[in-house]
Amino acid sequence: EWPEKVTIKEVGPRDGLQNESVEVPLQDKVAWINLLSDAGYSYIEFSSFVHPKWIPQLKDAKEVAAMISRKKGITYAALVPNRKGLEGAIDTDVDEVSVFMSASDTHNKKNINKSIEETYPILKEVVQEAKLEGKSVRGYVSTVFGCPYEGAIDTDQVARVSERLLDMGIDELSLGDTIGVANPRQVDQALHEWKQWLPFDKLAMHFHNTRGMALSNVLVSMQHNITTFDASLGGLGGCPYAKGASGNLATDDLVHMLHQMGIETGIDEEKLKEAAVYIQRVLNKSLPSHQMQVVNKE
Ligand code: HMG
Ligand code: MG
């Protein structure tokens, strides 16, 4: 059984660009996000309100938020690590905020400078405040299939961290294979276990394609009735605080596969290509997705 429709959440402007060392001009970010808005997405994570020293590329989140043309029907979301980040997100009237933490204590410290235990009260406050402001909240858990510092991560540990976030009142949980180590059998087994703990109607999967297994992992997840996936156009991305993290699952590859399978996404492949070609030109390097490799040979 395959789903009729899948929701794709575009994280390229955030997860994609955060790992790019060459500064992308504000005007180009805005133009790119506007092209994405025209491509048929229902959700775009456009930036993050984190410390500019930690992620210099996204230091213009406020300007981006103010300058993009927001389209009706699209949720514009931003990543926030703490109260200060939330303030920025609220000032610019984002639709949704995403809080994030890691299932691995070491990665959590490297990424947000706090232990897992220290992170809970910070995120709890952010979720409460965001809700008071009428914002929906997404919660990411990263390194759920493996950590670059700690190695294997217990499925129980992922369930515990996820439950804490769900108890805070998050609307959606996104489980991330931050360094792209998951294999399809592992995803299958983990989802079997998590089914007993976690509400799958609130679950999204966030795969990275570091070792070429992201699409296979999507297929397995769809067999577990998961129909929301994060992806980054052209396969841009990675976490600068996870050694070896590279390429997110490429939106264009995911859309192509789903459409070939007769599964709807609402996304226009031609417009997607236009947006991918645009950001490829800005970054001045060929994007890693299979679709873009085809385009680049045309
Ligand atoms: P810290 O140094 O521990 O912060 O960094 P602090 O709370 O001690 O404050 C120190 C200073 O930072 C203060 O300023 C604060 O005001 C300021 P001062 O008083 O010294 O002038 N500050 C901020 N400034 C701007 N924006 C803020 C903010 N917060 C405090 N939000 C902090 C802690 C969380 C800020 C830092 O570690 C950080 O920004 N980390 C973000 C790293 C990041 O974005 N990583 C990538 C995203 S996560 C990911 O990629 C995984 C995911 O994609 C899923 C997957 O792939 O699996 C989601
Ligand atoms: Mg990611």
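**Exercise 1. Is Lys 71 buried, partly exposed or exposed, going by the other C-beta atoms within 10 Å?**

Before starting, keep in mind that you're working with a predicted model.

- Step 1: find the residue. Lys 71 sits in the loop between α3 and β3.
- Step 2: count. There are 14 other C-beta atoms within 10 Å of Lys 71.
- Step 3: compare with the cut-offs. Buried takes 20 or more, and exposed takes 12 or fewer.
- Step 4: conclude. With its 14, Lys 71 is partly exposed.

As an extra, take the pair Lys 71 and Arg 160: they're 89 residues apart in sequence, and their C-alpha atoms are 37 Å apart in space.

**Exercise 2. Work out how strand β3 is placed among its neighbours.**

- Step 1: look at burial. β3 covers residues 75-79, and four of its five residues are buried, so call the strand mostly covered.
- Step 2: go to β2 (residues 43-48). β2 and β3 run parallel, joined by five bridges. One pair to check on screen is Ser 48 with its bridge partner in β3, Leu 79.
- Step 3: trace the connection. From β2 the chain passes through helix α3 (residues 61-67) on its way to β3, a right-handed β-α-β crossover.
- Step 4: go to β4 (residues 96-102). β3 pairs with β4 over three bridges, again in the parallel sense. Here Ala 78 has Val 97 of β4 as its bridge partner.
- Step 5: trace that connection too. Helix α4 (residues 83-91) carries the chain from β3 to β4, and this β-α-β crossover is right-handed.

**Exercise 3. Test the length of helix α2, then find which face is covered.**

- Step 1: get the expected span. α2 (residues 26-37) has twelve residues, and at 1.5 Å a residue they should span 16 Å.
- Step 2: check against the model. The end C-alpha atoms of α2 are 16 Å apart, which agrees.
- Step 3: list the buried residues. In α2 these are Lys 29, Val 30, Trp 32, Ile 33, Leu 36 and Ser 37.
- Step 4: look down the axis. The buried residues of α2 fall within an arc of 165°, so they line one face of the helix.
- Step 5: ask what does the covering. The elements over the buried residues of α2 include β1 (7-10), α1 (12-16), β2, α3 and α11 (269-283).

**Exercise 4. Which residues of helix α10 are buried, and what do they pack against?**

- Step 1: take the list. Within α10 (residues 251-260), the buried ones are Thr 251, Asp 252, Asp 253, Leu 254, Val 255 and Leu 258.
- Step 2: find the partners. The buried residues of α10 pack against β1, α1, α9, β8, α11 and α12 (290-297).
- Step 3: step past the helix. Just after α10 comes Gly 262, with a positive phi of about 80°.

**Exercise 5. Describe the backbone and surroundings of Asn 113 and Asn 225.**

- Step 1: read phi. For Asn 113, phi is near 65°, a positive value in a residue other than glycine. For Asn 225, phi is also near 65°.
- Step 2: place them. Asn 113 lies in the loop between α5 (105-112) and α6 (116-132), while Asn 225 lies in the loop between α9 (214-223) and β8 (228-231).
- Step 3: classify them. Asn 113 has 13 C-beta neighbours inside 10 Å, so it counts as partly exposed. Asn 225 has 13 C-beta neighbours inside 10 Å, so it counts as partly exposed.

**Exercise 6. Which confidence figures come with the model?**

- Step 1: per residue. The chain's mean pLDDT is 96, and 99% of its residues reach 70 or more.
- Step 2: overall. The scores are ipTM 0.98 and pTM 0.97.

Notes. Residues are numbered from 1 along each chain as its sequence is written. Chains are lettered from A and ligands numbered from 1 in the order in which they are written. This is a predicted model: local features need pLDDT of at least 70, side-chain atom pairs count only at pLDDT 80 or more; totals for chains, interfaces and linings use all residues. Helices (H or I, at least four residues) and strands (E, at least two) are DSSP runs, numbered from the N terminus. Two strands pair if DSSP finds at least two bridges between them. A crossover is right-handed if, with the strands pointing away from the viewer, the path from the first strand over the helix to the second runs clockwise. The expected span of a helix is 1.5 Å times one less than its number of residues. The arc is that of the directions from the helix axis to the C-beta atoms. Two residues are in contact if their C-beta atoms, placed from the backbone, lie within 7 Å. pLDDT is the predictor's confidence in each residue, from 0 to 100.
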